[in-house]
6 protein chains.
Amino acid sequence: MSEQWLPSLVTPTPQEGFDLAVKLSRMAVKLTQPSAEVRDALRGGYAHDASDLIAASHVVATHFQTIAAANGYWRTDRG
Amino acid sequence: MSEQWLPSLVTPTPQEGFDLAVKLSRMAVKLTQPSAEVRDALRGGYAHDASDLIAASHVVATHFQTIAAANGYWRTDRG
Amino acid sequence: MSEQWLPSLVTPTPQEGFDLAVKLSRMAVKLTQPSAEVRDALRGGYAHDASDLIAASHVVATHFQTIAAANGYWRTDRG
Amino acid sequence: MSEQWLPSLVTPTPQEGFDLAVKLSRMAVKLTQPSAEVRDALRGGYAHDASDLIAASHVVATHFQTIAAANGYWRTDRG
Amino acid sequence: MSEQWLPSLVTPTPQEGFDLAVKLSRMAVKLTQPSAEVRDALRGGYAHDASDLIAASHVVATHFQTIAAANGYWRTDRG
Amino acid sequence: MSEQWLPSLVTPTPQEGFDLAVKLSRMAVKLTQPSAEVRDALRGGYAHDASDLIAASHVVATHFQTIAAANGYWRTDRG
(Lines give C-alpha, C1' and ligand atoms only; values in the text may rest on other atoms or scores of the structure.)
Protein backbone atom coordinates (compact mmCIF):
# COMPACT_ATOMS: atom_id res chain seq x y z
CA MET A 1 0.00 0.00 0.00
CA SER A 2 2.19 2.80 -1.27
CA GLU A 3 -0.36 5.63 -1.25
CA GLN A 4 -0.12 8.12 1.59
CA TRP A 5 -3.23 8.07 3.77
CA LEU A 6 -1.97 9.16 7.21
CA PRO A 7 0.20 12.27 6.98
CA SER A 8 -0.51 13.42 10.53
CA LEU A 9 -2.46 12.71 13.71
CA VAL A 10 -3.11 16.41 14.19
CA THR A 11 -6.64 17.61 13.47
CA PRO A 12 -8.16 21.06 13.89
CA THR A 13 -11.07 19.89 16.05
CA PRO A 14 -12.06 16.94 18.29
CA GLN A 15 -14.74 15.97 15.81
CA GLU A 16 -12.26 15.65 12.95
CA GLY A 17 -10.09 13.66 15.34
CA PHE A 18 -13.01 11.32 15.92
CA ASP A 19 -13.47 10.91 12.17
CA LEU A 20 -9.78 10.06 11.89
CA ALA A 21 -10.20 7.43 14.62
CA VAL A 22 -12.96 5.83 12.56
CA LYS A 23 -10.67 5.89 9.53
CA LEU A 24 -7.81 4.20 11.41
CA SER A 25 -10.17 1.49 12.66
CA ARG A 26 -11.23 0.71 9.13
CA MET A 27 -7.71 0.88 7.74
CA ALA A 28 -6.54 -1.90 10.04
CA VAL A 29 -9.36 -4.07 8.75
CA LYS A 30 -8.41 -3.17 5.19
CA LEU A 31 -4.80 -4.24 5.74
CA THR A 32 -6.02 -7.68 6.89
CA GLN A 33 -8.79 -8.09 4.32
CA PRO A 34 -7.75 -6.13 1.20
CA SER A 35 -10.81 -7.07 -0.87
CA ALA A 36 -13.31 -4.21 -0.86
CA GLU A 37 -15.97 -6.63 -2.05
CA VAL A 38 -15.48 -8.97 0.91
CA ARG A 39 -15.33 -6.07 3.36
CA ASP A 40 -18.57 -4.62 2.00
CA ALA A 41 -20.26 -7.99 2.36
CA LEU A 42 -19.01 -8.30 5.95
CA ARG A 43 -20.10 -4.76 6.82
CA GLY A 44 -23.61 -5.59 5.71
CA GLY A 45 -23.54 -8.29 8.37
CA TYR A 46 -21.86 -6.61 11.32
CA ALA A 47 -23.82 -3.40 10.86
CA HIS A 48 -26.79 -5.47 12.01
CA ASP A 49 -24.98 -7.31 14.80
CA ALA A 50 -25.02 -5.46 18.12
CA SER A 51 -21.91 -7.22 19.49
CA ASP A 52 -19.88 -6.39 16.39
CA LEU A 53 -21.04 -2.76 16.42
CA ILE A 54 -20.03 -2.40 20.05
CA ALA A 55 -16.66 -4.03 19.37
CA ALA A 56 -16.09 -1.69 16.42
CA SER A 57 -16.99 1.24 18.65
CA HIS A 58 -14.33 0.06 21.11
CA VAL A 59 -11.65 0.15 18.43
CA VAL A 60 -12.64 3.70 17.55
CA ALA A 61 -12.40 4.61 21.24
CA THR A 62 -8.87 3.23 21.43
CA HIS A 63 -7.72 5.17 18.37
CA PHE A 64 -9.46 8.29 19.64
CA GLN A 65 -7.36 8.07 22.83
CA THR A 66 -4.22 8.18 20.72
CA ILE A 67 -5.41 11.01 18.50
CA ALA A 68 -6.70 13.06 21.41
CA ALA A 69 -3.34 12.76 23.16
CA ALA A 70 -1.56 13.70 19.93
CA ASN A 71 -3.61 16.89 19.82
CA GLY A 72 -3.11 17.82 23.44
CA TYR A 73 -6.85 17.15 23.81
CA TRP A 74 -7.55 20.30 21.74
CA ARG A 75 -7.44 22.17 25.05
CA THR A 76 -7.11 25.63 23.48
CA ASP A 77 -10.27 24.88 21.50
CA ARG A 78 -12.68 25.10 24.42
CA GLY A 79 -15.98 25.14 22.56
CA MET B 1 -22.21 14.03 8.80
CA SER B 2 -21.63 17.74 8.54
CA GLU B 3 -23.32 18.87 11.77
CA GLN B 4 -21.05 19.78 14.65
CA TRP B 5 -21.55 17.45 17.58
CA LEU B 6 -18.17 17.47 19.36
CA PRO B 7 -16.88 21.01 19.89
CA SER B 8 -14.73 20.12 22.89
CA LEU B 9 -13.68 17.36 25.30
CA VAL B 10 -13.78 19.79 28.20
CA THR B 11 -16.70 19.47 30.60
CA PRO B 12 -17.43 21.34 33.83
CA THR B 13 -17.79 18.19 35.96
CA PRO B 14 -16.80 14.50 35.93
CA GLN B 15 -20.43 13.53 35.57
CA GLU B 16 -20.87 15.58 32.40
CA GLY B 17 -17.63 14.00 31.20
CA PHE B 18 -19.18 10.60 31.78
CA ASP B 19 -22.25 11.60 29.80
CA LEU B 20 -19.97 12.71 26.97
CA ALA B 21 -18.23 9.32 27.07
CA VAL B 22 -21.60 7.65 26.61
CA LYS B 23 -22.30 9.98 23.69
CA LEU B 24 -18.98 9.17 21.98
CA SER B 25 -19.64 5.44 22.37
CA ARG B 26 -22.96 5.79 20.63
CA MET B 27 -21.61 8.10 17.94
CA ALA B 28 -19.11 5.48 16.78
CA VAL B 29 -21.96 3.03 16.40
CA LYS B 30 -23.96 5.64 14.49
CA LEU B 31 -21.11 6.18 12.02
CA THR B 32 -21.08 2.44 11.25
CA GLN B 33 -24.84 1.92 11.24
CA PRO B 34 -26.44 5.22 10.16
CA SER B 35 -30.03 3.94 10.25
CA ALA B 36 -31.70 5.06 13.48
CA GLU B 37 -34.38 2.45 12.92
CA VAL B 38 -31.87 -0.41 12.77
CA ARG B 39 -29.96 0.95 15.77
CA ASP B 40 -33.15 1.19 17.83
CA ALA B 41 -34.02 -2.39 16.95
CA LEU B 42 -30.54 -3.56 17.96
CA ARG B 43 -30.64 -1.60 21.21
CA GLY B 44 -33.82 -3.37 22.17
CA GLY B 45 -31.82 -6.58 21.90
CA TYR B 46 -28.52 -5.72 23.52
CA ALA B 47 -30.16 -3.87 26.38
CA HIS B 48 -31.33 -7.32 27.46
CA ASP B 49 -28.03 -9.11 26.78
CA ALA B 50 -25.60 -9.01 29.69
CA SER B 51 -22.48 -9.57 27.55
CA ASP B 52 -23.41 -6.71 25.22
CA LEU B 53 -24.18 -4.39 28.11
CA ILE B 54 -20.82 -5.14 29.70
CA ALA B 55 -19.05 -4.61 26.37
CA ALA B 56 -20.85 -1.29 25.88
CA SER B 57 -19.82 -0.30 29.40
CA HIS B 58 -16.20 -1.04 28.46
CA VAL B 59 -16.36 1.34 25.50
CA VAL B 60 -17.70 4.06 27.78
CA ALA B 61 -14.80 3.37 30.17
CA THR B 62 -12.28 3.81 27.36
CA HIS B 63 -13.78 7.12 26.25
CA PHE B 64 -14.03 8.27 29.85
CA GLN B 65 -10.25 7.74 30.20
CA THR B 66 -9.70 10.11 27.30
CA ILE B 67 -12.14 12.72 28.54
CA ALA B 68 -10.86 12.57 32.11
CA ALA B 69 -7.31 13.14 30.90
CA ALA B 70 -8.51 16.02 28.70
CA ASN B 71 -9.98 17.66 31.79
CA GLY B 72 -6.97 17.13 34.01
CA TYR B 73 -9.23 14.78 35.97
CA TRP B 74 -11.24 17.77 37.20
CA ARG B 75 -8.74 17.95 40.07
CA THR B 76 -9.68 21.47 41.16
CA ASP B 77 -13.29 20.25 41.51
CA ARG B 78 -12.70 18.10 44.60
CA GLY B 79 -16.29 17.37 45.57
CA MET C 1 -30.66 11.48 35.00
CA SER C 2 -30.46 14.78 36.81
CA GLU C 3 -29.22 13.58 40.20
CA GLN C 4 -25.55 14.14 40.98
CA TRP C 5 -23.72 10.88 41.40
CA LEU C 6 -20.12 11.70 40.40
CA PRO C 7 -18.89 14.86 42.09
CA SER C 8 -15.21 13.92 41.90
CA LEU C 9 -12.72 11.23 40.90
CA VAL C 10 -10.65 11.91 43.98
CA THR C 11 -10.84 9.34 46.76
CA PRO C 12 -8.96 9.17 50.07
CA THR C 13 -7.62 5.64 49.50
CA PRO C 14 -6.95 3.18 46.64
CA GLN C 15 -9.66 0.92 47.98
CA GLU C 16 -12.30 3.64 47.79
CA GLY C 17 -11.01 4.35 44.27
CA PHE C 18 -11.61 0.73 43.42
CA ASP C 19 -15.16 0.94 44.77
CA LEU C 20 -15.71 4.01 42.60
CA ALA C 21 -14.44 2.07 39.56
CA VAL C 22 -17.07 -0.58 40.25
CA LYS C 23 -19.69 2.14 40.53
CA LEU C 24 -18.71 3.70 37.19
CA SER C 25 -18.86 0.30 35.50
CA ARG C 26 -22.40 -0.23 36.73
CA MET C 27 -23.47 3.32 35.91
CA ALA C 28 -22.63 2.86 32.23
CA VAL C 29 -24.83 -0.22 32.19
CA LYS C 30 -27.57 1.73 33.94
CA LEU C 31 -27.48 4.47 31.29
CA THR C 32 -28.04 1.85 28.57
CA GLN C 33 -30.58 -0.26 30.44
CA PRO C 34 -32.48 2.06 32.81
CA SER C 35 -34.82 -0.62 34.17
CA ALA C 36 -33.56 -1.83 37.56
CA GLU C 37 -35.77 -4.87 37.21
CA VAL C 38 -34.18 -5.93 33.94
CA ARG C 39 -30.67 -5.23 35.26
CA ASP C 40 -31.31 -7.33 38.36
CA ALA C 41 -32.54 -10.20 36.20
CA LEU C 42 -29.44 -9.95 34.00
CA ARG C 43 -27.11 -9.79 37.00
CA GLY C 44 -28.55 -13.03 38.27
CA GLY C 45 -27.39 -14.54 34.99
CA TYR C 46 -23.97 -13.02 34.47
CA ALA C 47 -22.96 -13.47 38.09
CA HIS C 48 -22.96 -17.18 37.23
CA ASP C 49 -21.21 -16.82 33.86
CA ALA C 50 -17.42 -16.83 34.05
CA SER C 51 -16.91 -14.99 30.75
CA ASP C 52 -19.26 -12.19 31.78
CA LEU C 53 -17.66 -11.88 35.20
CA ILE C 54 -14.21 -11.60 33.64
CA ALA C 55 -15.47 -9.02 31.15
CA ALA C 56 -17.06 -7.01 33.96
CA SER C 57 -13.78 -7.20 35.86
CA HIS C 58 -12.03 -5.75 32.78
CA VAL C 59 -14.33 -2.74 32.75
CA VAL C 60 -13.56 -2.13 36.41
CA ALA C 61 -9.83 -2.34 35.59
CA THR C 62 -10.21 0.30 32.88
CA HIS C 63 -12.05 2.69 35.18
CA PHE C 64 -9.56 2.02 37.96
CA GLN C 65 -6.75 3.16 35.63
CA THR C 66 -8.52 6.47 35.20
CA ILE C 67 -9.27 6.92 38.88
CA ALA C 68 -5.77 5.91 39.96
CA ALA C 69 -4.27 8.48 37.58
CA ALA C 70 -6.70 11.10 38.86
CA ASN C 71 -5.43 10.47 42.37
CA GLY C 72 -1.75 10.51 41.48
CA TYR C 73 -1.81 6.83 42.41
CA TRP C 74 -2.29 7.80 46.06
CA ARG C 75 1.51 7.91 46.28
CA THR C 76 1.62 9.93 49.49
CA ASP C 77 -0.66 7.30 51.04
CA ARG C 78 1.96 4.51 51.20
CA GLY C 79 0.14 2.00 53.35
CA MET D 1 -17.02 -4.99 52.40
CA SER D 2 -15.53 -3.06 55.27
CA GLU D 3 -12.18 -4.90 55.61
CA GLN D 4 -9.13 -3.12 54.24
CA TRP D 5 -7.57 -5.06 51.39
CA LEU D 6 -5.88 -2.36 49.24
CA PRO D 7 -3.81 0.00 51.38
CA SER D 8 -1.47 1.00 48.56
CA LEU D 9 -0.52 0.40 44.92
CA VAL D 10 3.17 0.61 45.78
CA THR D 11 5.09 -2.65 45.81
CA PRO D 12 8.80 -3.30 46.37
CA THR D 13 9.29 -5.25 43.13
CA PRO D 14 7.64 -5.71 39.71
CA GLN D 15 6.80 -9.28 40.62
CA GLU D 16 4.87 -8.24 43.71
CA GLY D 17 3.16 -5.65 41.52
CA PHE D 18 2.11 -8.44 39.19
CA ASP D 19 0.72 -10.42 42.11
CA LEU D 20 -1.25 -7.36 43.15
CA ALA D 21 -2.64 -7.07 39.60
CA VAL D 22 -3.89 -10.64 39.88
CA LYS D 23 -5.47 -9.78 43.24
CA LEU D 24 -7.28 -6.74 41.82
CA SER D 25 -8.62 -8.80 38.91
CA ARG D 26 -10.10 -11.31 41.31
CA MET D 27 -11.44 -8.67 43.67
CA ALA D 28 -13.59 -7.14 40.94
CA VAL D 29 -15.09 -10.55 40.31
CA LYS D 30 -15.65 -10.97 44.05
CA LEU D 31 -17.54 -7.69 44.26
CA THR D 32 -19.93 -8.89 41.52
CA GLN D 33 -20.26 -12.48 42.71
CA PRO D 34 -19.79 -12.48 46.51
CA SER D 35 -20.37 -16.21 46.97
CA ALA D 36 -17.00 -17.99 47.30
CA GLU D 37 -18.77 -21.27 46.55
CA VAL D 38 -20.11 -20.03 43.21
CA ARG D 39 -16.75 -18.44 42.31
CA ASP D 40 -14.89 -21.66 43.04
CA ALA D 41 -17.30 -23.60 40.85
CA LEU D 42 -16.84 -21.08 38.03
CA ARG D 43 -13.06 -21.13 38.36
CA GLY D 44 -13.07 -24.88 37.89
CA GLY D 45 -14.71 -24.19 34.55
CA TYR D 46 -12.80 -21.20 33.20
CA ALA D 47 -9.45 -22.60 34.27
CA HIS D 48 -10.07 -25.17 31.54
CA ASP D 49 -11.38 -22.73 28.94
CA ALA D 50 -8.68 -21.09 26.83
CA SER D 51 -10.77 -18.05 25.90
CA ASP D 52 -11.61 -17.33 29.53
CA LEU D 53 -7.99 -17.76 30.62
CA ILE D 54 -6.83 -15.33 27.93
CA ALA D 55 -9.53 -12.84 28.92
CA ALA D 56 -8.52 -13.14 32.58
CA SER D 57 -4.91 -12.57 31.56
CA HIS D 58 -6.01 -9.36 29.78
CA VAL D 59 -7.59 -8.03 32.95
CA VAL D 60 -4.36 -8.70 34.84
CA ALA D 61 -2.46 -6.83 32.10
CA THR D 62 -4.72 -3.81 32.49
CA HIS D 63 -4.27 -3.69 36.25
CA PHE D 64 -0.53 -4.23 35.87
CA GLN D 65 -0.37 -1.09 33.69
CA THR D 66 -1.89 0.89 36.52
CA ILE D 67 0.33 -0.61 39.19
CA ALA D 68 3.50 -0.26 37.11
CA ALA D 69 2.73 3.43 36.53
CA ALA D 70 2.04 3.86 40.25
CA ASN D 71 5.50 2.51 41.00
CA GLY D 72 7.32 4.57 38.40
CA TYR D 73 7.97 1.25 36.67
CA TRP D 74 10.36 0.29 39.49
CA ARG D 75 13.05 2.00 37.43
CA THR D 76 15.60 2.23 40.24
CA ASP D 77 15.31 -1.55 40.56
CA ARG D 78 17.12 -2.38 37.30
CA GLY D 79 17.56 -6.14 37.65
CA MET E 1 13.61 -16.61 17.39
CA SER E 2 17.11 -15.16 17.22
CA GLU E 3 16.66 -12.89 14.19
CA GLN E 4 16.29 -9.18 14.87
CA TRP E 5 12.91 -7.89 13.75
CA LEU E 6 12.25 -4.91 16.06
CA PRO E 7 15.27 -2.61 16.25
CA SER E 8 13.24 0.47 17.17
CA LEU E 9 9.74 1.87 17.73
CA VAL E 10 10.70 5.10 15.98
CA THR E 11 9.30 5.62 12.50
CA PRO E 12 9.60 8.62 10.17
CA THR E 13 5.84 9.02 9.66
CA PRO E 14 2.54 8.06 11.35
CA GLN E 15 1.73 5.79 8.45
CA GLU E 16 4.92 3.77 8.89
CA GLY E 17 4.08 3.66 12.59
CA PHE E 18 0.72 2.17 11.70
CA ASP E 19 2.40 -0.45 9.52
CA LEU E 20 4.67 -1.30 12.44
CA ALA E 21 1.61 -1.71 14.67
CA VAL E 22 0.21 -4.23 12.20
CA LYS E 23 3.55 -6.05 12.23
CA LEU E 24 3.62 -6.23 16.04
CA SER E 25 0.06 -7.61 16.09
CA ARG E 26 1.05 -10.40 13.74
CA MET E 27 4.32 -11.12 15.52
CA ALA E 28 2.50 -11.90 18.77
CA VAL E 29 0.37 -14.40 16.88
CA LYS E 30 3.50 -15.88 15.30
CA LEU E 31 5.13 -16.40 18.70
CA THR E 32 2.07 -18.41 19.82
CA GLN E 33 1.52 -20.31 16.58
CA PRO E 34 4.93 -20.67 14.87
CA SER E 35 3.65 -22.67 11.89
CA ALA E 36 3.25 -20.37 8.87
CA GLU E 37 1.06 -23.01 7.28
CA VAL E 38 -1.41 -23.06 10.16
CA ARG E 39 -1.40 -19.25 10.39
CA ASP E 40 -2.15 -18.93 6.68
CA ALA E 41 -5.03 -21.37 7.02
CA LEU E 42 -6.43 -19.43 9.98
CA ARG E 43 -6.05 -16.10 8.20
CA GLY E 44 -8.15 -17.42 5.34
CA GLY E 45 -10.87 -17.93 7.92
CA TYR E 46 -10.68 -14.82 10.06
CA ALA E 47 -10.28 -12.52 7.06
CA HIS E 48 -13.90 -13.47 6.32
CA ASP E 49 -15.14 -13.21 9.89
CA ALA E 50 -16.25 -9.72 10.90
CA SER E 51 -15.76 -10.29 14.64
CA ASP E 52 -12.21 -11.52 14.15
CA LEU E 53 -11.36 -8.65 11.83
CA ILE E 54 -12.65 -6.12 14.36
CA ALA E 55 -10.72 -7.85 17.14
CA ALA E 56 -7.54 -7.81 15.03
CA SER E 57 -8.12 -4.12 14.35
CA HIS E 58 -8.31 -3.55 18.12
CA VAL E 59 -4.90 -5.13 18.64
CA VAL E 60 -3.45 -2.86 15.97
CA ALA E 61 -5.01 0.12 17.75
CA THR E 62 -3.37 -0.87 21.03
CA HIS E 63 0.06 -1.21 19.44
CA PHE E 64 -0.44 2.04 17.55
CA GLN E 65 -0.98 3.81 20.89
CA THR E 66 2.41 2.59 22.04
CA ILE E 67 4.19 3.48 18.81
CA ALA E 68 2.56 6.90 18.57
CA ALA E 69 3.67 7.71 22.11
CA ALA E 70 7.18 6.47 21.31
CA ASN E 71 7.32 8.92 18.43
CA GLY E 72 5.95 11.88 20.36
CA TYR E 73 2.94 11.60 18.06
CA TRP E 74 5.10 12.81 15.14
CA ARG E 75 4.10 16.31 16.22
CA THR E 76 6.80 18.13 14.23
CA ASP E 77 5.50 16.31 11.14
CA ARG E 78 2.24 18.26 10.85
CA GLY E 79 1.08 17.12 7.41
CA MET F 1 5.13 -19.13 43.67
CA SER F 2 8.27 -18.08 45.52
CA GLU F 3 10.76 -18.15 42.64
CA GLN F 4 11.79 -14.79 41.19
CA TRP F 5 10.75 -14.44 37.57
CA LEU F 6 10.30 -10.67 37.09
CA PRO F 7 13.28 -8.74 38.46
CA SER F 8 12.76 -5.73 36.19
CA LEU F 9 10.71 -4.27 33.33
CA VAL F 10 13.83 -2.79 31.78
CA THR F 11 15.17 -4.52 28.67
CA PRO F 12 18.08 -3.58 26.41
CA THR F 13 16.02 -3.56 23.21
CA PRO F 14 12.38 -3.27 22.06
CA GLN F 15 12.50 -6.84 20.85
CA GLU F 16 13.47 -8.17 24.26
CA GLY F 17 10.70 -6.00 25.66
CA PHE F 18 8.28 -7.71 23.33
CA ASP F 19 9.49 -11.11 24.48
CA LEU F 20 8.93 -10.02 28.06
CA ALA F 21 5.37 -8.96 27.16
CA VAL F 22 4.73 -12.46 25.85
CA LYS F 23 6.15 -13.89 29.08
CA LEU F 24 3.88 -11.71 31.24
CA SER F 25 0.84 -12.75 29.21
CA ARG F 26 1.61 -16.39 29.82
CA MET F 27 2.45 -15.89 33.48
CA ALA F 28 -1.02 -14.52 34.20
CA VAL F 29 -2.49 -17.65 32.65
CA LYS F 30 -0.13 -19.78 34.73
CA LEU F 31 -1.25 -18.11 37.95
CA THR F 32 -4.88 -19.01 37.13
CA GLN F 33 -4.22 -22.50 35.78
CA PRO F 34 -1.10 -23.83 37.53
CA SER F 35 -1.14 -27.24 35.82
CA ALA F 36 1.39 -27.27 32.97
CA GLU F 37 -0.36 -30.34 31.59
CA VAL F 38 -3.72 -28.59 31.33
CA ARG F 39 -2.12 -25.44 29.87
CA ASP F 40 -0.32 -27.45 27.20
CA ALA F 41 -3.56 -29.17 26.26
CA LEU F 42 -5.35 -25.81 26.01
CA ARG F 43 -2.53 -24.28 23.96
CA GLY F 44 -2.87 -27.06 21.41
CA GLY F 45 -6.45 -25.88 21.01
CA TYR F 46 -6.16 -22.11 21.01
CA ALA F 47 -3.10 -22.13 18.77
CA HIS F 48 -5.53 -23.33 16.10
CA ASP F 49 -8.35 -20.93 16.98
CA ALA F 50 -8.09 -17.54 15.26
CA SER F 51 -10.20 -15.70 17.85
CA ASP F 52 -8.08 -17.00 20.72
CA LEU F 53 -4.84 -16.14 18.92
CA ILE F 54 -6.05 -12.59 18.31
CA ALA F 55 -7.16 -12.26 21.92
CA ALA F 56 -3.76 -13.53 23.12
CA SER F 57 -2.09 -11.03 20.82
CA HIS F 58 -4.15 -8.27 22.46
CA VAL F 59 -2.87 -9.22 25.90
CA VAL F 60 0.70 -9.06 24.61
CA ALA F 61 -0.04 -5.60 23.17
CA THR F 62 -1.30 -4.39 26.55
CA HIS F 63 1.79 -5.65 28.38
CA PHE F 64 4.02 -4.23 25.66
CA GLN F 65 2.52 -0.78 26.33
CA THR F 66 3.59 -1.05 29.94
CA ILE F 67 7.06 -2.33 29.16
CA ALA F 68 7.66 0.23 26.42
CA ALA F 69 6.71 3.04 28.80
CA ALA F 70 8.98 1.55 31.46
CA ASN F 71 11.88 1.73 29.02
CA GLY F 72 11.16 5.26 27.83
CA TYR F 73 10.35 3.65 24.49
CA TRP F 74 14.04 2.80 24.03
CA ARG F 75 14.34 6.22 22.40
CA THR F 76 18.13 6.43 22.56
CA ASP F 77 18.23 3.12 20.66
CA ARG F 78 17.06 4.54 17.31
CA GLY F 79 17.71 1.57 15.03
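How many residues of chain A are in contact with chain E, and how many of chain E with chain A? In this predicted model, 32 residues of chain A meet 28 residues of chain E. That pair of chains is a handy place to start, and a look at a single chain helps before going further.

Chain A is built from three helices and has zero strands. Following the sequence from start to end, the pattern reads α-α-α. The C-alpha trace of chain A spans about 40 × 35 × 15 Å along its principal axes. As for how confident the predictor is, chain A averages a pLDDT of 91, and 94% of the residues score at least 70. Confidence varies from helix to helix: α3(A) has the highest mean pLDDT among the elements of chain A, at 97, while α2(A) has the lowest, at 89.

Back to the contact between chain A and chain E. The size of an interface is often given as the accessible area lost when the parts come together. Here, chain A and chain E bury about 2,600 Å² between them, and 66% of that area lies on carbon and sulfur atoms. On the chain A side, the residues that lose the most area to chain E are A:Thr32, A:Leu42 and A:Thr66, which together make up 19% of what that side buries. Salt bridges don't feature here: zero are found across the interface of chain A and chain E. Polar contacts do turn up, though, with twelve residue pairs counted between chain A and chain E, both partners at pLDDT 80 or more.

Which parts of chain A give two or more residues to the side that touches chain E? The answer is α1 (14–32), α2 (36–46) and α3 (50–70) of chain A. Of these, α3(A) gives the most, with eleven residues. Sorted by character, the chain A side that touches chain E holds 19 nonpolar residues, eleven polar ones and two charged ones.

How do the two chains sit relative to each other? Chain A can be superposed on chain E by a rotation of 60° with 0.0 Å of shift along the axis, giving an RMSD of 0.0 Å. The residue of chain A that comes closest to this rotation axis is A:Thr62, with its C-alpha at 6.9 Å. Only 12% of the interface residues of chain A are also interface residues in chain E, so the copies meet through different surfaces.

Now for chain E and its contact with chain F. This one takes 32 residues from chain E and 28 residues from chain F. About 2,600 Å² is buried between chain E and chain F, with 67% of it on carbon and sulfur atoms. Again no ion pairing shows up by the rule used, as zero salt bridges are found across the interface of chain E and chain F. The polar contacts between chain E and chain F come to twelve residue pairs, both members at pLDDT 80 or more. On the chain E side that touches chain F, α1 (14–32), α2 (36–46) and α3 (50–70) of chain E each supply at least two residues. The top contributor to that side is α3(E), with eleven residues. The chain E residues on this side split into 19 nonpolar, eleven polar and two charged.

Chain E goes onto chain F by a rotation of 60° with 0.0 Å of shift along its axis, at an RMSD of 0.0 Å. The two copies are thus related as by a six-fold rotation axis. In chain E, the C-alpha nearest the axis belongs to E:Thr62, 6.9 Å away from it. The copies use different surfaces here too, with 12% of the contact residues of chain E recurring in chain F.

Finally, some pairs of chains have no contact. Chain B and chain D do not touch, and their nearest C-alpha atoms are 12 Å apart. Chain D and chain E do not touch either, with their nearest C-alpha atoms 12 Å apart.

Definitions and conventions
Residues numbered from 1 in each chain as written. Chains lettered and ligands numbered in written order. Predicted model: local features only at pLDDT ≥ 70, side-chain atom pairs only at ≥ 80, totals over all residues. Heavy atoms only, no water. Contact = heavy atoms within 4.5 Å. Buried area = accessible area lost by both parts, 1.4 Å probe. Salt bridge = Lys/Arg side-chain N within 4 Å of Asp/Glu carboxyl O. Polar contact = N/O pair within 3.5 Å; in protein donor to acceptor, adjacent residues only side chain to side chain. Helix = DSSP H or I, 4+ residues; strand = E, 2+ residues; numbered from the N terminus. Nonpolar A, V, L, I, M, F, W, Y, C, P; charged D, E, K, R; others polar. Least-squares fit on C-alpha atoms with pLDDT ≥ 70 in both. pLDDT = per-residue confidence, 0-100.
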